[in-house]
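Hi everyone, thanks for making the time. I'd like to walk you through one model today, so let's put it on the screen.

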Amino acid sequence: PMPQRLEKLRDVPFPSGVNLTFIVKELAKDLDLNVLFDVQSNLDTRQVRIELRNVTAAKALDYIFLQENLFFQKVGPRTILVANGLRRQNFQQLVLRTFYLANANPKDVKTIVQGAIPPQQGRSQTIVLEDAATNSLTVRDTLENIRLIERLIASLDKDRAEVVMDVAIYEVNKTDLLQLGNQIGNDATLRNLGGVGFPFARSGTTEPITSGIPFPGLGNSSIAVGLPISNISALQSKNNQKLIASTQIHAFNNEDSSARIGQRVPVRTSSFVTAANTSNNGVVSDVINYEEVGLTMKFKPIVFPNQDVQVAMEIDSNEVAGVAGSANLTPIFTERTIKGTARIQNNKTLLLASVAQGVENRGRSGLPLFGLIPVLGRLFTAPTKDNRQVDIVIAVTPRVIRAPAILPDDEIERPTGSIATPTTGSLEAMIIQEEREEYLAAARRLTNNANVQLPDRPLDQPEYVRTGSAPANGEIARGSEQAQPDLPSEPPRNPVIDALKLKPIDSSVKTLDFGRTSLVSQAESTSPAVEKAPAPIGENNKAAEAPFAKISFPEKLPELTVGEKARIPILIEGTSALRSAVLGIRFDNSRLVVRSVLLGDVLGGGQETVVNPFLNQNGKMFVSLKLADGANATSSGILCYIEVEAVQAGLPEFTFEKDVLNILTAEGKNIQVRF
């Protein structure tokens, strides 16, 4: 907002035309501005037709410059140069500034800055230089564009989001194997019990089945039957296996993170024979490779401003389930792979996958028909009963450590000029900045330090002894002193001092009444008889006592959540009524922002009496308060209310800026501020 003395509304009724330089100078007088005109722009004879109502002088000048295609350039304190828009390149100044980034990548910010303010006709290319060593950007552009880039970089250079992924895998395997009975033969023997052959029967295709029987002549028979071997089986196997794997993975926003927990298992992939010849069959060698088994997790999270986490994940679990055959180097692997993308709330557990698998296997092999007889069938075969059950649960819980804070200032629109005309600052904004700088300079000149001079330490004075006047009899002198105890003793005198008429210097401590001296003017008396004795030390003189006040925040401040607003009162307890105050506080701008300031009852503030701070940025808020019109001044109560909005959850914290605090009484005296 404009300062109050510059908010005067006026009409500019010149529909038939008026001299351009004249109307600009007249409006500039209301703003205490000095105006220079470019000679080559030929503005002295130029006429302007304009009709405005209820506008401030600053707005009227902005409208005139816009209508007449003019621009202004600040050339000094409260001094501007006005020129034609075609002469902008001759006068518009470029500034150089370095921005140090705390979180963002300079390359990414450089691309956004150059894309947001591209070069166009009448608008030069914004020069952006990056420095990876200091993580900074150096920008050269107009002052208006530099301020625009500053706000853009502040919106981009946010805290880098971090998240910790808690992954828990629960797996339960149960196996139950039962084999009971008399197994007659196996798959090989039951397929070749014997047969008929001429001239003899053979076992398979190689030899007769009667070759192992010690009875000669049986080989000439044409029919033979071989009985298979009988094996009694009584086997039961039960196995319960539980796997609980829990791990944490720390990841930055939009970056890949992975973790692997497991071991490597040797696997025989092939065999070859070496040094083989006619006399030596060679040596058989195996080719061994190592396969990774265990848990492998890959995550790529994206943290949103509301602390939701979108994570692309891939989880692989490989285990050795058993061994194929009798060789130990041919294991059987169990593989489980889960891949997908999910969006999870912060500190909420997502059941990523749940697998329940049950396998029931029942079988028997042996002589036909005999093995199917109930109960008695176990004399001819050994039935197998195999039950397996597998349960797997995978749960993921994201825990956001840090998330970017999106402020309301990050979402507002910012003017960037037209397509052909670069960004130009308004005259109203320049006046506000001038007023702010002058006010800050005046505030820095205020003295808040009080010098107190303590009384000097009394000196040890020598005793003056009167020569030739001491009594002859010391006892008589002592008796005289005892006889007259109430009489004041006269100080000893020195005859030399009396002869020279010298007056001893009075080095006794005197009490100076500063309060009475500054407030009461008395005529000095030439007669020493009416000289007033100084007030004794330690006298409680209220007139000389300096006024003081104690300011503080409430003992208990409310705990705020993100986006919650609250009004924090500033309390004051003083000895004198107040007229005005300059207040400064410091706070953490990453946790809260100050929205407005309202007058309290001490300065007669009514409902919603808003006071605009003259500084509210970078964690500092400076505001000037004064007594409301027609209000009665008081000394104690609520000085003002500070309306804040929480950016992060927690208790708000404030500290007073001692170098800025300045409170005046109704008489214009400074008040000593205590905390």
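**A loop, a patch and some caution**

Let's start with one residue: Ile373 sits in the loop that links strand S17 (350–363) to strand S18 (384–402). Please keep in mind that this is a predicted model.

What patch does Ile373 form with Leu376 and Leu379? Together these three make a nonpolar patch on the surface, with about 270 Å² of accessible area. And how exposed is Ile373 itself? Its relative accessibility is 35%, so Ile373 counts as partly exposed, since that class runs between 20% and 50%.

Now let's step back to the whole chain. The protein chain has nine helices and 29 strands. Of its 675 residues, 30% count as buried. About 43,800 Å² of the protein chain is exposed, and carbon and sulfur atoms supply 52% of that. If we take the contacts with a separation of 6 or more, 74% of them come from residues 24 or more positions apart.

Next, how far to trust what we see. The average pLDDT of the protein chain is 77, and 75% of the residues score at least 70. Confidence is highest in strand S2 (residues 34–37), at 92, and lowest in helix H9 (residues 514–519), with a mean of 42.

Two stretches deserve a mention. Over residues 198–206 the pLDDT stays under 50, and the model has 20 contacts beyond four places in sequence for them. Residues 469–488 are also below 50, and that stretch has one contact beyond near neighbours in sequence. Where pLDDT is low, we shouldn't read the predicted coordinates in detail.

Conventions
Residues are numbered from 1 along each chain as its sequence is written. This is a predicted model: local features need pLDDT of at least 70, side-chain atom pairs count only at pLDDT 80 or more; totals for chains, interfaces and linings use all residues. Side-chain values use heavy atoms; hydrogens and water are left out. Helices (H or I, at least four residues) and strands (E, at least two) are DSSP runs, numbered from the N terminus. Buried means under 20% relative accessible area, exposed over 50%, partly exposed in between (1.4 Å probe, protein chains only). Contact means heavy atoms within 4.5 Å. Accessible areas come from the Shrake-Rupley method with a 1.4 Å probe; for residues, only the protein chains shown count as cover. Patches are made of residues with over 30% relative accessible area and no salt bridge: like charges are joined within 9 Å, nonpolar side chains (Val, Leu, Ile, Met, Phe, Trp, Tyr) within 5 Å. A salt bridge is a side-chain nitrogen of Lys or Arg within 4 Å of a carboxyl oxygen of Asp or Glu. pLDDT is the predictor's confidence in each residue, from 0 to 100.
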